[in-house]
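Subject: Structure for you to look at

Hello,

Here is the structure I said I would pass on. Please open it next to this message and follow along as you read.

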Amino acid sequence: HRVAAAPTDQERGTDFACVMLAFYTLLSLPFYIAVVGTLVLSLFVYLKSFLCSSEILPKFFYKESTLATHILKRCRFMTRAFSPSIWISNRHIQTLLPWIIPHNCKCQFDREYLQLRDKGVVALDWVTNVKLPKKKRRTVILIIPGLTGDALSVSSLCDAATCRGMQCVVFNRRGHGRTFLTTPKLQSYGDPSDLRQVINYIHDRYPKTLITVVSYGSGCDLFLSYLGEFGSSAQICAGVCVSPCFEVNQRSSDIFSGIYNILVLLHMKFIIWRHARALSDVIDVPGALKSWSFKSFDSHVFLKMLGCEDLDEFYERNNPLRDVDDISIPLLFLCSLDDPVYSKNSIPHDLFKYYPNFFMLTLETGGHCGFREKMTSVSWADKISLDYLEAILEFTIKGYRIDYHKSPARSTI
């Protein structure tokens, strides 16, 4: 059988123009009025089709498994189109839009300071206006923002998760998110010791809770390092990495990447300046404030603090994939191929060929941690993340039955 192709918007516009031309002729209007009216209407139809949101289908990378089958059936990733409005489809607009027009947050946050074993302090921002469903185990989403993020920058995910009855809490590193610095120490990119204590605390506070994690940008470095170091004892059910960095010292070589690096460095310098008195004995404060590259900044801040001989040793110790073989939970990576901060060439596609618990969705556009379809709506990435986490929890708790034409088999994680 031959299948006829659906008519395009231009073809529809042409047909509409012919109909209108015939209509004007029937009304015995002057010919030039009919022509002008037809041209105006044709232009209107063309502009409407141009301004309509273009649908971009993601590419899904995975290894065949029972879990992958369940996720495909439950989340329908192959048909989850990303449809940004034409005026926000540019990658730089996508990257900067969350900062220029923040999400209208409906959540209420209650800050809790947690003292760590070395007397350091981190902050946890709990969403308080959430109605948890009865007769269900509590699901906590621990959100790890990037170096420049805080609770307000991830409030869209908190709003969407709250509507689904999930408890959200935002993790703020030492000295970040307007927190106090009580010890002369900053958390490096891949040091998971603080995160370990936070997760243990959440489990102690809610013993039967199911903890999931959503991380953004440089927060993915910390999350992946944690999963690799603690392996099967990570006490995490599932995780999502949005716009991840797979190698700390690998950034985009795009000319615009330097602008974003400067913006992040300015934010990090402000943190150093704010806590200069506490950090003056362990870092080179003047050198850090004069740095205009990440390599220079890292050498002045972290080498002496962590006792590393050079940057190669520092980057090796903070490589997020240094213990990738020990990561045991199902992970979803959401990547944009036009990310102006992290180059698409750094994406390790082989991971998704050999590890059945690694999944990746890529889009042609979306910027860095953007994925906005409208100015202030919940992002495409946040919707995908929540659907994925719900699918994993369903698979984990209830199991998944498959018909092998002999007898149904029950599989769980």
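Which helices each supply at least two residues of the nonpolar patch? They are helix H4 (91-100) and helix H8 (257-274). Before going further, please keep in mind that this is a predicted model.

**The nonpolar patch**

The patch lies on the surface and is formed by Leu96, Ile100, Ile259, Ile262, Leu263, Leu266 and Trp292. Together these residues have about 680 Å² of accessible area. H8 gives the most to the patch, namely four residues. Ile262 is a good one to click on: its place is in helix H8. The relative accessibility of Ile262 is 36%, so Ile262 counts as partly exposed, the class between 20% and 50%.

**The protein as a whole**

The protein has 14 helices and eleven strands. There are 413 residues, and buried ones make up 52% of them. The accessible surface comes to about 20700 Å², and carbon and sulfur atoms account for 57% of that. I also looked at contacts between residues at least 6 apart in sequence: 75% of these join residues at least 24 apart.

**The sheet**

Nine strands form an open sheet with mixed pairing. Going across the sheet, the order is S1-S9-S8-S7-S6-S4-S5-S3-S2. Strand S1 (59-61) and S2 are the edge strands, and each of them pairs on one side only. From one strand to the next, the twist averages 20°.

For one pair in detail, look at strand S6 (residues 210-216) and strand S7 (residues 238-242). These two pair in the parallel sense, over five bridges. To find the place on screen, start from Thr212, which stands opposite Ala238 in S7.

Helix H6 (residues 193-205) packs on the sheet. H6 touches S2, S3, strand S4 (139-144), strand S5 (167-172) and S6. The direction of H6 makes about 45° with that of S3.

**Salt bridges**

The count comes to 15 salt bridges. Three of them are described here.

One is between the side chains of Glu390 and Arg74, at 4.0 Å from N to O. This pair links distant parts of the chain: Glu390 is in helix H14 (residues 380-398) and Arg74 is in helix H3 (residues 66-75), 316 residues apart. How exposed are the two partners? Glu390 has 22% relative accessibility and counts as partly exposed. Arg74, at 35%, counts as partly exposed too.

Another joins Arg111 and Asp125, whose closest N and O atoms are 2.8 Å apart. This pair also links distant parts of the chain, with Arg111 in strand S2 (residues 109-115), Asp125 in strand S3 (residues 121-127), and their positions 14 residues apart in the numbering. Is Asp125 buried or exposed? Asp125 is buried, because its relative accessible area is 5% and the limit for buried is under 20%. Arg111 has a relative accessible area of 25% and is partly exposed.

The third is formed by the side chains of Asp350 and Lys353, at 3.7 Å from N to O. Asp350 counts as partly exposed at 45% relative accessibility. Lys353 is at 52%, and therefore counts as exposed, since the limit for exposed is over 50%.

Some salt bridges share partners. In this way Arg74, Arg80, Arg164, Asp387, Glu390 and Glu394 are joined into one network.

**Two backbone angles to check**

Most residues other than glycine have a negative phi. Two residues to set against that are Ser243 and Cys369. Phi of Ser243 is near 50°, a positive value in a residue other than glycine. Where is Ser243 found? Ser243 is in the loop between S7 and H8. With a relative accessible area of 1%, Ser243 is buried.

Cys369 has a positive phi of about 55°, although Cys369 is not a glycine. Cys369 is found in the loop between strand S9 (358-363) and H14. At 24% relative accessibility, Cys369 counts as partly exposed.

Regards

Conventions
Residues are numbered from 1 along each chain as its sequence is written. This is a predicted model: local features need pLDDT of at least 70, side-chain atom pairs count only at pLDDT 80 or more; totals for chains, interfaces and linings use all residues. Side-chain values use heavy atoms; hydrogens and water are left out. Buried means under 20% relative accessible area, exposed over 50%, partly exposed in between (1.4 Å probe, protein chains only). Two strands pair if DSSP finds at least two bridges between them. Axes are lines fitted to C-alpha atoms, for helices over the stretch in contact, and angles run from 0 to 180 degrees between N-to-C directions. Contact means heavy atoms within 4.5 Å. Patches are made of residues with over 30% relative accessible area and no salt bridge: like charges are joined within 9 Å, nonpolar side chains (Val, Leu, Ile, Met, Phe, Trp, Tyr) within 5 Å. Accessible areas come from the Shrake-Rupley method with a 1.4 Å probe; for residues, only the protein chains shown count as cover.
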